[in-house]
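Me: I'm new to reading protein structures, and I'd like a close look at one part of this one. Could you start with the greasy spot on the outside and then walk me through whatever else is worth seeing?

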Amino acid sequence: MTPKKYELNAIKTYFFQNIANQGLSNQIVEPYKKLLARVNMVSTGLLIVFFILGALAAPLSFSNDGTQQLNTFWLLLILLGTHILSLLIWCLGLLSKAPTSYTESDWLASMLGKLSRWFSVPEDITKAYLDLRMRGQCRRWYMSRFLHSAWAAYLCGGLISALLFLATHRVEFIWATTLLSQQDIAALSQAISTVPNWFGLPTPAPSDIYWQHSQAQPQPDEVRKLWAIWVLSCILIYGVFVRLVLALLCHTLYRIQRHKQWFALANTAQQVESSTVEIIDSDSQHDSQASQSIENITPLPANSSDLAHKYYLFEWSKAIPKPLAHNQDLQFINDATTQSVFLQRQEQGQYLVIDADISPDRGSLRFLAQAAPYCNKIYLQGEHFQSAWQHALIERGISSAQLAQLKD
Amino acid sequence: MSISLLIVGHANTGKTSLIRTLMRDHHFGEVSNQAGTTRHVEKITLALNGKAILELIDTPGFEDSIGLWQIRQSPQYKPQNNRDWLSHIQHDPALLPDFEQELKIIKQLQRADIILYVIDLRQAPLGKYLNELDILACANKPIVPVLNFCKAPSQHEADWKNCLAERQLHAYVPYDSVAFYFADERKLYQTLQSLAPDHYDALQALIKQREEDANTRLGNAQLELTKTLLACATEQFTCRTNTPTAEESDQFEDIIRQQEQAFIQACLDLYAFTKEDVALDNLDIQKGQWQQDLFDSETLKSWGINSSTGAATGAVIGAGIDLLSAGLTLGTATTLGALLGAGVQTGRSFKSSIANKLRQRAILALAPSTLIALLKRGKQLIMHLHHRGHASQQAYTSHNELTQNSQTMINKAEMAQLEKLFRRISQRTEWHHINELPQHKYIQALQQEIQTNTQDH
């Protein structure tokens, strides 16, 4: 059995929202279909069983100890009594609140769990099935539908069995009473006959009721036939028909609730964002940032003790380094103008300090390569990108002897 | 038609990180702490209900904007207008070796609707950054400065705002790709709405969807924590004897730790993070022997409710038997069924604790103090993940201070209240590994506690 489109979307959203193991997403629909098919098979099987039980039980009701006389109203009570009682219990059950969830100890969840293990269906799929088809009002209407269908099957079986029995046996229909009068029986018969009358079925007249009570004379064939048809039509109308109508109603309500739930879930799925990635201008260079092994780089000397000179802080964003905190001759090279002024002065023996906590870039390295001939020392202050700066500056032709570390 | 946003900025200012956080995608692009990480131009298209809304174009960073701007001022290009200059330099072979990255950016300027210029607020407004703005201004497209790392301590925010104001760039957006707040993202989309009014409705739908997604994620994470706490509070380990062995103790602790790990994984999945994003210390577990509280009124009440449910189920089964016998038993089966059903249900409630008493077996359960620690750790984790940007590269860690210093770190009255709540919850063994939470005041109290200080701000 194939799930419908909304159910498929609901399944996908359910697993997206509820089940952590995303690997199942590729193996959801097939096991779900399998579980659906198995559940339907079991339900159909049970209906057939109820049909057979009804067919077997009905003839028992007609047992008459060889007298070939059947008490009409007692027969009706046996055939339809528990059906009516069950209907009453069901109606009372509708007044209670439908459960909104199920728990591990829930009998239906437990039974379905066992069924799934036999059918090798994963537990997550069973949970999804219960959530998507058996939650709240869905469960109520599903169980009601099954209940009414089972009763309809049982009564159908009983009806067919009763029909065959009456077609092959000769019985006489009688009534007897201690508490009621003949008029009461007549009124009761007329009342019960109301609905069969609407469908044009023959109903007993007062004379037919007389024949029932009078056991002295054998009943005419027409009277017996009339009562047989009357009993069968009562079973059909007050039994089978009522249950079929209720089954259909519950089926409709079940489908409405189910679709509401799937639609709500599917709508959530439709709101999920999606994104696609595309390279529209790829890099033409291969890895151009191969770095030298750090063992080949000369370790930097320790702090410079000569802090009285003019120092240039290059592209500086952070606080003044502590060793230079009292230096009165600090300048910043933070833009093109100050870079240009520095290069145009062409003064030898300068001291530059680079912020080694930020990554070197091409523009900075270009300037430093131009400025290096005028520098006595280029200090690196900071730990984060110190070796990256060392590599990059040496690659630009700056001598490692010119490099030093400025520590706080 | 979607809006095309060009994400530009100096190298290593967090452009790719911004896109990762906007897309909630841990895997987009490559992020590292050095310049020149992104070398391609990558386009990511965001769609809602199958309709493309945004195109985000990630670019390699500017590295030598000073050099490029000097070329703009050179005699060869100075006479040209901005548009011609941008067009000509793309085809100047002499510039390609030194400015390949910058030329890739310039090539994309034509197709973009809006330029998002990413600024690292931890850096001062240096000349090279301002030259980048000068270059971008040549494209005559709206520029929205994005002030990245706005949650980090910064001395340069005021300087940047002044520089931007000098350039008539007043509509900047604070953002943090590491410490993420939806309010900042909303402001970004609202700024785009004002610059692209034709796309107002699509962006509004995106804002709404993002808000709903964020609320849903938070709600689901809180629900996971509730279920985990219920499972841990009602977890019982039956020992073989009256005194738990070390092995049994360890097994019980493993069960609890696995519960917490499952919760963490569920949260990571919800927020699209990986296990590398979280590195929690092992929970310090304190346990004790579980006792059934026969005098707890809620427990007795729940058994009463369960008994009547059992009676109803028994009656239905009995009615089925009546049915099968064509009513000949006249309801005897129904009556017997009701009695049996009630008996089974009540017996079930007492059965295991009576049996364990008779067999002299200890039952291990979690102490309320550990459950409180689990609660606090869970809440902290949820709040962290809710505000963690997908560009963050530092794993979240937490310490066991809570269990060691519970008395001082948490208000004593709150502690007593929580202990009482967890003691009551531990009596409700039928809630162990429940699929959906029942409507009960204990559960509501627990959810209330979880929601306190984990609501989105």
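Reply: Let's begin with A:L164, which is found in helix 6 of chain A. Keep in mind that this is a predicted model. Is A:L164 buried or exposed? With a relative accessible area of 53%, A:L164 is exposed, because the cut-off for that word is over 50%.

A:L164 has company out there. Together with A:I48, A:F51, A:I52, A:L56 and A:I160, A:L164 forms a nonpolar patch on the surface, and the accessible area of the group adds up to about 560 Å². Which helices supply at least two residues each to the patch? They are helix 2 (29-61) and helix 6 (137-168) of chain A. Helix 2 of chain A gives the most, with four residues.

Now let's go from the surface to the empty spaces inside. Searching the whole structure turns up three cavities of 30 Å³ or more. The largest cavity holds about 110 Å³ of space. It is lined by 13 residues, and the closest to its centre are A:A58, A:L79, A:Y154, A:L155 and A:G158. Here you meet some familiar elements: helix 2 and helix 6 of chain A each give two or more residues to this lining, and so does helix 3 (72-94) of chain A. What kinds of residues make up the lining? Nine are nonpolar, four are polar and none is charged.

Charged residues come into their own in the next part. Over all chains, a search of the structure finds 27 salt bridges. One of them pairs the side chains of A:E278 and B:K43, at 3.5 Å from N to O. This pair crosses between chains, running from strand 3 (residues 273-281) of chain A to strand 2 (residues 41-48) of chain B. A:E278 is partly exposed, at 41% relative accessible area, whereas B:K43 counts as buried, at 12%.

Strand 3 of chain A has another link to chain B. A:D281 makes a salt bridge with B:K107, and their closest N and O atoms are 3.5 Å apart. Since A:D281 sits in strand 3 of chain A and B:K107 in helix 4 (residues 96-109) of chain B, this pair joins two chains. A:D281 is buried, with a relative accessible area of 12%, while B:K107 is partly exposed, with 43%.

Back to B:K43, whose side chain also meets that of B:E55 in a salt bridge (3.7 Å, N to O). B:E55 lies in strand 3 (residues 51-58) of chain B and B:K43 in strand 2, so the pair ties together parts that are twelve residues apart in sequence. B:E55 counts as buried too, at 15% relative accessibility. Salt bridges with shared partners also join A:D281, B:E100, B:K104 and B:K107 into one network.

Finally, have a look at some loops of chain B. B:N12 is in the loop between strand 1 (3-9) and helix 1 (15-23). Its phi is near 70°, a positive value in a residue other than glycine, and B:N12 counts as partly exposed at 27% relative accessibility. B:Q168, in the loop between helix 6 and strand 6 (173-174) of chain B, has a positive phi of about 60° although it is not a glycine. B:Q168 is exposed, at 58%.

B:P153 belongs to the loop between strand 5 (143-148) and helix 6 (157-166) of chain B. B:P153 is exposed, with a relative accessible area of 81%. Its C-alpha atom is 7.6 Å from that of B:R122, although the two residues are 31 apart along the chain.

Technical notes:
Residues numbered from 1 in each chain as written. Chains lettered and ligands numbered in written order. Predicted model: local features only at pLDDT ≥ 70, side-chain atom pairs only at ≥ 80, totals over all residues. Heavy atoms only, no water. Patch = residues over 30% accessible without salt bridge, like charges linked within 9 Å, V, L, I, M, F, W, Y side chains within 5 Å. Areas by Shrake-Rupley, 256 points an atom, 1.4 Å probe, with all protein chains shown as cover. Salt bridge = Lys/Arg side-chain N within 4 Å of Asp/Glu carboxyl O. Buried < 20%, exposed > 50% of the residue type's maximum accessible area, 1.4 Å probe, protein only. 1 Å grid on protein atoms, 1.4 Å probe; cavity = no way out; pocket = protein on both sides within 12 Å on 5 of 7 lines; lining within 4 Å. Points joined across faces, edges and corners; volume = space filled by probe spheres on them. Nonpolar A, V, L, I, M, F, W, Y, C, P; charged D, E, K, R; others polar.
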